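Colleague: Hi, have you got a minute to walk me through this one? I'd like to start with a single chain and then see how the chains meet.

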Amino acid sequence: MDQPASLAIDCLSHGFGTKPVLHDVQLRILRGQIVALVGPSGCGKSTLLRAIVGTHLPRQGTVTVFSGNSHLTGHVVEGPGRDRGIVYQHYSLFPFLTAVENVAFGLMLDQTNISYRLFKFPRWLKRRAEHLKQAREFLDRVGLGSAASLYPSEMSGGMCQRVAVAQALIMKPALLLLDEPFGALDEAMREELQRMLLGLYQENLAARRKGELEPHTMFIVTHELNEALYVGDRVVGLSQYWDWRQAGHAQPPGATVVYDCSAPIFEPDDTRDFSCFAGQREEIRDVVFNPDSAYPREKHLRYWQELEQQREAEPAP
Amino acid sequence: MGRIIIFAVCAAALAQTAFAAKPPVFSLAWSEYPSWSAFGVCHETGLINGAAGKLGSIEEKWGVDIELKEAEYDPCIAMYGAGQTDAVCITNMDVLNASLSRPGVAILATSTSYGADACIVSSAIADVKDLKGKKVRGLALSVSEYCFARNLQILGEDPAEYTFVNMDPGAAALAMQQKQADFDAIVVWNPFVLDTLNQRKDCHVLFDSSSIPNEIIDMVVMSESALQKPKGKEFASAVADAFYALNKRMADATTRDDTLIALGEKFSNLDLQSMRKVVQQTKFYATPEEATKLFDSAELKDTMTKVVDFCVKMEIVAKKPVVAFGAGATGNLVFDPAYIAAAAAKP
Amino acid sequence: MIGEPIARVWHVTLGIGAVLLLLIAYTILSMRQHRENPDDKTIPSWSQLSEGVKKSVEVNQRSNERWVVADAQATSLRLFWGVFWGVSGSLLIGMLMGCFAFVEAFLYPPLAFLAKIPPIALLAVFFVLAGTGETMYVTMIAFGVLPTLAQTVYLAVKEVPAELRYKAYTLGASHLEIIWNVLLRHVLPKLIDAIRLQIGPAMVYLIAAEMVVGDVGFGYRIRLQFKLLNMSVVYPYIVVLGAFGFGIDYALRKLQAFVSPWYAKGY
């Protein structure tokens with residue numbers, strides 16, 4: 001089956017002042033994937049993410065997002081928009097709203113405007129009740145139905161991040177971006193949230209089996225290799241350590257995609273056994289994180305090849 | 001440490017004996033006003049030294065130590081009422097209320113308002129009747145309101161038909177000079193009278209205090225109890241003496257302008273020419289004779305009856321104060337010319 | 001030990017004790033003054049005070065109104081409108097400064113400077129610029145509180161993490177909704193805190209102005225009665241003023257808890 005693309009990054013380069021950060025980044029994400037982005041700190045992961053969110057546009061190149069309910073149409077990112085959801089490590093929730101209000105916030109902003117809410121107040125109240133009901137359902141889905149009326153300051157970090165995921169999901173974004181979402185959580189909490197993401201991935205698989213459009217496409221930035229391999233079905237490595245001299249540059253031109261391979265797929269109930277991908281982990285350490293490595297940048301971009309092989313192996317339905 | 005304590009005790013004991021030998025200190029609170037600023041000028045010229053513990057020539061002559069306390073007019077009244085000063089520069093009207101709680105003696109009359117309080121109106125007002133329905137602004141329950149009410153009475157008008165609205169005279173004069181809306185009449189005192197007339201040539205005086213001479217009297221009042229203290233009477237005489245000494249300087253052609261400028265320095269920014277006018281409108285009782293004449297006059301008794309009645313009617317006083325005249329009389333306020341006479345008798 | 005908590009009983013007892021101590025000290029002071037001068041009005045006895053209270057509360061024969069009622073009405077209306085316009089102006093200016101770097105660069109220097117001038121010193125300027133009527137009080141209070149409040153709003157807007165703005169955009173917010181539904185909600189409790197702090201200074205300007213140009217109001221009455229040495233009226237008025245300030249503060253705290261319940265929960 002042919003998966004449509006959700007995101008396409010073409011020839012994206014960026015820098016701060018005279019210092020180059022990103023060099024000619026090419027990336028295509030398909031609908032229904034969980035792509036984990038790893039890379040050494042300072043390599044430009046966040047810069048790339050901001051370019052996708054649209055808050056900081058790149059100097060060169062384009063980001064195209066494909067969105068739509070049944071038929072996907074692409075448009076070039078020129079600023080933040082409702083087709084891309086984002087979950088930050090901090091400040092993902094609005095402190096002045098309760099959990100359920102936070103989740104319903106997007107519905108309110110997206111479906112109504114200020115004058116409607118002010119001048120058609122009775123109608124807005126009715127609409128509001130629907131929004132809150134829908135928000136409660138989403139909270140239930142992330143297991144927080146009982147925390148609906150708590151303010152962010154009254155919830156633990158893990159609860160907040162769950163609400164943040166629900167808040168983004170309710171918008172049914174074409175792409176859900178997660179920026180180190182679990183970086184500030186303790187190990188147990190992190191594991192729970194990782195399983196939640198895997199649960200969402202299962203929803204994708206179920207939709208694919210039914211021949212429907214996969215509901216969730218995620219791009220998760222992390223510095224944790226285990227997390228990347230465990231949660232993602234594909235791992236992308238961004239690194240400034242590659243063989244740029246060979247490519248004809250006198251100065252380091254910045255980070256680019258040097259690793260792109262599929263990752264093992266787990267189900268939420270599987271035992272977390274990180275040893276099964278020990279080999280791949282070592283490979284990523286060497287290719288992406290080792291300052292002394294200087295591989296040609298295309299050498300470890302195996303994903304599309306692997307996908308091809310996989311499709312050939314799978315009999316067409 | 002012990003040595004320091006011994007030293008401090010010795011110093012205190014020494015100071016004690018030193019003070020005992022010194023003349024007793026009496027205080028006089030005054031505010032800037034032509035005939036009261038005289039005391040400030042007395043200090044500048046060395047006739048008296050306003051600091052406690054230091055003596056000027058007149059203080060030495062009478063063997064008392066005069067401490068001058070300068071403040072705004074209202075705080076002066078409060079100071080006197082609270083017993084924080086022995087004597088105060090005050091008008092014959094404002095003293096009535098204070099005299100109810102602290103009986104006092106008028107030891108000296110310094111000046112009377114003879115045009116210094118005036119009702120200034122815009123060109124829209126030609127006759128006093130035009131004021132009906134307009135707001136007349138000035139400090140409520142003060143000599144301004146008294147001057148206003150008395151003039152209406154003289155003109156045969158009923159004060160009840162006129163509206164007097166409270167406002168600080170400085171603010172009222174400023175508003176008048178700015179030609180603010182709804183400002184057609186103010187009752188203020190100098191320097192605001194002259195200042196406003198200088199700034200707004202289209203304004204004129206509808207009436208002023210020259211129609212009620214010797215009714216608004218600026219005086220020095222000393223509390224009865226302080227007067228009874230040892231040397232209290234000498235203090236009263238010394239105050240009168242200092243005032244007349246300064247008036248001599250004003251009468252003398254060689255020192256007149258100097259003294260006038262000194263008097264007006266903090267009072268206002270009026271020039272010498274205007275200050276001459278000020279002292280005309282604030283008529284000084286420049287000699288003991290003039291003041292004694294006032295104190296002995298039947299007219300004063302009549303005036304005080306009017307003022308007391310006004311104060312009762314306006315609820316300025318809670319009850320009628322007893323005003324008495326002459327040496328040895330008793331009452332809440334006694335006009336006693338003895339100290340003026342004592343000052344005159346000891347040149 | 002430093003910082004050790006005490007039982008609630010102690011809290012209450014000590015509080016009541018402090019008030020009692022104050023009352024006793026006053027009584028002694030007053031008795032001493034009356035021993036010196038039985039007719040003294042500057043530190044009135046309790047019976048004199050009750051006379052003064054009666055005078056302030058009863059319908060006055062001459063003016064036909066109750067002093068306290070008329071004064072409270074006048075003063076609170078002036079305060080309300082002054083603060084109202086001050087808050088409105090500061091919200092507008094602070095928001096614009098927080099949102100647009102152009103406005104920020106243009107307005108920050110004068111605002112920072114004006115915030116440092118005690119408006120009481122500007123009293124004369126306000127008389128000249130705004131006349132001496134009711135507008136003057138309102139203008140004076142409004143301009144008096146505006147610089148500090150505008151700075152508060154501006155800083156509060158600046159404090160909102162950029163992530164929350166981005167987030168709101170990804171949820172489909174318009175620019176106006178960012179201001180109305182995100183920034184304003186953030187600013188409100190801090191603004192109310194700042195208003196609570198500014199009520200004190202605002203009262204200072206107001207009372208001072210009323211003392212000079214008022215013909216009704218707390219300041220007017222206090223000055224007049226002070227000049228007449230009716231401290232038995234002045235002291236109760238000061239107590240009323242304290243209660244007035246206390247009441248406003250209480251109301252503002254309640255308002256804050258109502259509009260920003262999240263703020264009190266330790267954001």
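Colleague: What share of the 267 residues in chain C is buried?

Modeller: Happy to help! One thing up front: this is a predicted model. In chain C, buried residues come to 45% of the 267.

Colleague: And how many helices and strands does chain C have?

Modeller: Chain C has 11 helices and 0 strands. Reading from the N terminus, the elements go α-α-α-α-α-α-α-α-α-α-α.

Colleague: What radius of gyration does chain C have, and what would a compact globule of 267 residues have?

Modeller: Chain C has 23 Å, while a compact globule with that number of residues would be near 18 Å. The C-alpha trace of chain C spans about 75 × 55 × 30 Å along its principal axes.

Colleague: What part of the contacts in chain C comes from residues 24 or more positions apart?

Modeller: Those account for 70%, counting contacts in chain C with a separation of 6 or more.

Colleague: Nice. On to the neighbours: how many residues do chain C and chain B each put into their contact?

Modeller: Chain C puts in 24 residues and chain B 31. The two chains bury about 2,400 Å² between them, and carbon and sulfur atoms give 53% of that.

Colleague: How many salt bridges cross the interface of chain C and chain B?

Modeller: There are 3 salt bridges across it. One salt bridge pairs Lys227(C) with Asp94(B), with 3.6 Å between the closest N and O atoms. The interface of chain C and chain B also has 8 residue pairs in polar contact.

Colleague: Which elements of chain C give two or more residues to the side that touches chain B?

Modeller: They are helix H5 (123–130), helix H8 (175–213) and helix H9 (218–227) of chain C. H9(C) gives the most, with 5 residues. By type, the residues on that side of chain C divide into 9 nonpolar, 8 polar and 7 charged.

Colleague: Now the other contact: how much area do chain A and chain C bury between them?

Modeller: About 2,400 Å², with 71% of it on carbon and sulfur atoms. Here 33 residues come from chain A and 23 residues from chain C.

Colleague: Which side chains meet in a salt bridge there?

Modeller: Glu177(C) and Arg117(A), at 3.1 Å from N to O. The interface of chain A and chain C has 1 salt bridge, along with 4 residue pairs in polar contact.

Colleague: Which elements of chain A give two or more residues to the side touching chain C?

Modeller: Strand E6 (84–87), helix H2 (99–111), helix H3 (114–119) and helix H5 (157–169) of chain A. H2(A) gives the most, with 5 residues. On that side of chain A the residues split into 18 nonpolar, 10 polar and 5 charged.

Colleague: Changing topic: where does Glu283(A) lie?

Modeller: Glu283(A) is in helix H8 (residues 278–289) of chain A.

Colleague: Why does Glu283(A) count as partly exposed?

Modeller: Because the relative accessible area of Glu283(A) is 23%, and partly exposed covers the range between under 20% for buried and over 50% for exposed.

Colleague: Which residues does Glu283(A) touch, leaving out those up to four places away in sequence?

Modeller: Glu283(A) touches Tyr259(A), His300(A) and Arg302(A). With Arg302(A), the side chain of Glu283(A) makes a polar contact of 2.9 Å. His300(A) is 17 residues from Glu283(A) along the chain, with 9.5 Å between their C-alpha atoms.

Colleague: Great, thanks for the tour!

Technical notes. Residues are numbered from 1 along each chain as its sequence is written. Chains are lettered from A and ligands numbered from 1 in the order in which they are written. This is a predicted model: local features need pLDDT of at least 70, side-chain atom pairs count only at pLDDT 80 or more; totals for chains, interfaces and linings use all residues. Side-chain values use heavy atoms; hydrogens and water are left out. Contact means heavy atoms within 4.5 Å. Buried area is the accessible area (1.4 Å probe) that two parts lose on being put together, summed over both. A salt bridge is a side-chain nitrogen of Lys or Arg within 4 Å of a carboxyl oxygen of Asp or Glu. A polar contact is a pair of N or O atoms within 3.5 Å; within protein, one must be able to donate a hydrogen and the other to accept it, and residues adjacent in sequence count only if both atoms are side-chain atoms. Helices (H or I, at least four residues) and strands (E, at least two) are DSSP runs, numbered from the N terminus. Ala, Val, Leu, Ile, Met, Phe, Trp, Tyr, Cys and Pro count as nonpolar, Asp, Glu, Lys and Arg as charged, and the others, Gly among them, as polar. The radius of gyration is taken over C-alpha atoms; the globule rule is 2.2 Å times the number of residues to the power 0.38. Buried means under 20% relative accessible area, exposed over 50%, partly exposed in between (1.4 Å probe, protein chains only).
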